[in-house]
Every structure is written in C-alpha cells, then in structure tokens.
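Me: I have a model open and want to learn how to read it, feature by feature. Where do we begin?

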Amino acid sequence: MYLKSIEMTGFKSFADRTRFQFEPGLTAVVGPNGCGKSNVVDAVRWVLGEQSAKAIRGSSMADCIFAGTDQRKALGLAEVSLTLGDCESLGLEYNEITVSRRVFRSGEGQYLINKTPCRLKDIQRLFMDTGIGTNAYMLMEQGKIDRLINAKPEERRVVIDEASGITKYKADKKEATRKLEQTEANLLRLDDILREVKRQIGSLQRQAGKARRYQAHRERLKALDLYAARLGLRDLDQARERLERRRI
C-alpha cells in the first residue's frame, strides 16, 4: 500500500483545488517558510480523523477552512481527499481507495470512503494495524521522536501496538468487553424490573381478591335488598286485603 495523491480544497492556505501526486520513489515538498508545507501534513492528519484542533495548529475546526485575504473572500467549506494504491492488504475488493473529509463553517462535517458517506469509526477501523492513523507512526513531525523517547511507557505502547499489528485485536477485545458490560448492566436492570413487576403482581393479586370479595358481598347485598323488598310488598298486599275486607 502506498500514498498516491492528496487533494485539498479550501483547507487552510489552499483556497484553490490543489493536488499532490506522489510518484514511486522519494517525494519531498520543499519551499520557503510560510508557503504551506506544514499544512500538507495537517491535511493528512485531518483527513484521517484528527479531532483535536490543537493538533493541526488551530483553535477550532473552523480554522481548517480558508479564512480569506484582502483579495479573496473566505470559503465556507474545506475538503481533503487522500488516495492510496495497492490496498489489497486492507481486505478490500478494489485496488485503490480514496478517503475524504469535509467540514462546513456551520460546524457540520462528513467522512467518505470512495465518495460514499461513512463514519469516523469506519475509517479508523479500516486503517488499524497498518501504521496509518492520527496516533500512529506514519506521521513523524518535528520533535515527535524526542517525545516518543521521553514518553511514558503506556504512551509508547500505542505506537508499538500499531507497529506490531495488534491494535485491531485490542480494539475488538475492548468492544467485546464493552458489550459484555452493557449486557450485564441490562441484565441487572432486567432483574430490577422483574422484582418490581413481581411486587406489583402481588399487590394487584391482593387488590383483585378484595375486588372479588367486594363484588360477592355486593351481589349478596343486592339479593337481600330484593328479598326484603318482596317481603315488604307481600306485607303491603296483605294489609290492603285486610282493609278491603273490613270495608265490605
């Protein structure tokens, strides 16, 4: 796998569409101070998913967008596309891959693989164990070697893991562990719900028993009321008959 080209539009000092074509062999970008050499490195780091504006010498992601000059107005979009060749090692069905990133001045952003929208996670996973990435050893800017030598063991381990090709396995392990922890948390919540439901079932059963007893007593009371009413009517009929006989 090798870097074929990088194309920038509206990224930092590259207001116009600018394409760097990298031919086989050693390629160097030379020029005076302030001509934008470091911006090329920033573009590579940025398109691979760098989330820290400070890492690309800015205070916010909006600083990636061409800010304008006295002769040109500011742009509303920055886009960088990185093209790699001989990509069979990535497990892809095509030989060439282009990774792109866009950011708008409104704050919205987008990642693409071969012009198809994707997630940052997809790009990060694609390049795991290849040495390509924002924290990998592919980008060795000024002072990074000294920082690696003087870094803490856990910080050097990140680069060593990437170089040894175990980053993807560690990421898979971390993801599996996270899912297991989430499943365990869901099971605990499910146990809490089951206990609460059982408690509610017991309460509802008691309420249902009270309701059945109330209904039975109500039916019994209704039957007694009807019986008392019939007795009352019978007594009234008998009293009426006695009165009628006396009148005769």
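Reply: Begin with one helix and what it touches. This is a predicted model. Helix H1 (residues 37-47) lies across E1, E2, strand E3 (77-85) and strand E4 (97-104). Its direction is about 85 degrees to E3.

Me: Is H1 enclosed or open to the outside, and why?

Reply: Count buried residues, meaning those under 20% relative accessible area. In H1, 8 of the 11 residues are buried, so the helix is largely enclosed by the rest of the structure.

Me: Which residues of H1 are buried, and what do they pack against?

Reply: The buried ones are Asn39, Val40, Asp42, Ala43, Val44, Arg45, Trp46 and Val47. The buried residues of H1 pack against E1, E2, E3 and E4.

Me: What comes after H1?

Reply: Look at the backbone there. Glycine 49 follows H1, with a positive phi near 110 degrees.

Me: Now the sheet. In what order do the strands stand?

Reply: Read a sheet by neighbours, not by sequence. This one is open, has 6 strands, and runs E2-E1-E3-E4-E5-E6 with antiparallel pairing. Strand E2 (18-21) and strand E6 (116-118) are at the edges, each with a single partner strand, so one side of each lacks a neighbour in the sheet. From one strand to the next, the twist averages 20 degrees.

Me: How many bridges hold the individual pairs?

Reply: Take them pair by pair. Strand E1 (residues 2-9) pairs with E2 in the antiparallel sense over 4 bridges. Glutamate 7 has arginine 19 in E2 as its bridge partner. E3 and E4 are also antiparallel, over 8 bridges. There, alanine 78 has valine 103 of E4 as its bridge partner. E4 and E5 run antiparallel and are joined by 5 bridges. Serine 100 is matched with leucine 112 in E5.

Me: What about the turn in the hairpin of E4 and E5?

Reply: Count the residues between the strands, then check phi. The hairpin has 4 residues between its strands, and glycine 107 takes a positive phi near 105 degrees.

Me: Is E4 enclosed or open, and why?

Reply: Use the burial count again. 6 of the 8 residues of E4 are buried, so this strand is largely enclosed by the rest of the structure.

Me: Which residues have the most contacts inside the largest nonpolar core?

Reply: Treat a core as a network of side chains. The largest nonpolar core has 32 residues, and those with the most contacts inside it are Ile6, Met8, Trp46, Val80, Ile97 and Phe127. At least two residues come from each of E1, H1, E3, E4, strand E5 (109-113) and helix H2 (120-126). H1 gives the largest share of this core, 5 residues.

Me: Where does phi turn positive in residues other than glycine?

Reply: First the general rule. Most residues other than glycine have a negative phi. Now the cases here. Asparagine 114 has a positive phi of about 50 degrees although it is not a glycine. Lysine 115 has a positive phi near 70 degrees. Asparagine 114 belongs to the loop between E5 and E6, and lysine 115 is placed in that loop too.

Me: Are asparagine 114 and lysine 115 buried or exposed?

Reply: Compare relative accessible areas. Asparagine 114 is partly exposed, at 28%. Lysine 115 counts as exposed, at 75% relative accessibility.

Me: Zoom out. What pattern does the whole chain follow?

Reply: List the elements along the sequence. The chain has 5 helices and 6 strands. Their pattern is β-β-α-β-β-β-β-α-α-α-α.

Me: What is the radius of gyration of the chain?

Reply: Set the value beside that of a globule. A compact globule of 248 residues would have a radius near 18 Å, but this chain has 40 Å. The C-alpha trace spans about 140 × 50 × 40 Å along its principal axes. Of the 248 residues, 27% count as buried. The accessible surface is about 17700 Å², with 54% belonging to carbon and sulfur atoms.

Me: How far apart in space are glutamine 205 and valine 30?

Reply: Check separation in sequence and in space. They are 175 residues apart in sequence and 83 Å apart in space, C-alpha to C-alpha. Glutamine 205 is in helix H5 (residues 167-247). Glutamine 205 is exposed, with a relative accessible area of 54%.

Technical notes. Residues are numbered from 1 along each chain as its sequence is written. This is a predicted model: local features need pLDDT of at least 70, side-chain atom pairs count only at pLDDT 80 or more; totals for chains, interfaces and linings use all residues. Side-chain values use heavy atoms; hydrogens and water are left out. Two strands pair if DSSP finds at least two bridges between them. Axes are lines fitted to C-alpha atoms, for helices over the stretch in contact, and angles run from 0 to 180 degrees between N-to-C directions. Contact means heavy atoms within 4.5 Å. A nonpolar core is a set of buried Ala, Val, Leu, Ile, Met, Phe, Trp, Tyr and Cys residues joined through side-chain atoms within 4.5 Å. Buried means under 20% relative accessible area, exposed over 50%, partly exposed in between (1.4 Å probe, protein chains only). The radius of gyration is taken over C-alpha atoms; the globule rule is 2.2 Å times the number of residues to the power 0.38. Accessible areas come from the Shrake-Rupley method with a 1.4 Å probe; for residues, only the protein chains shown count as cover.
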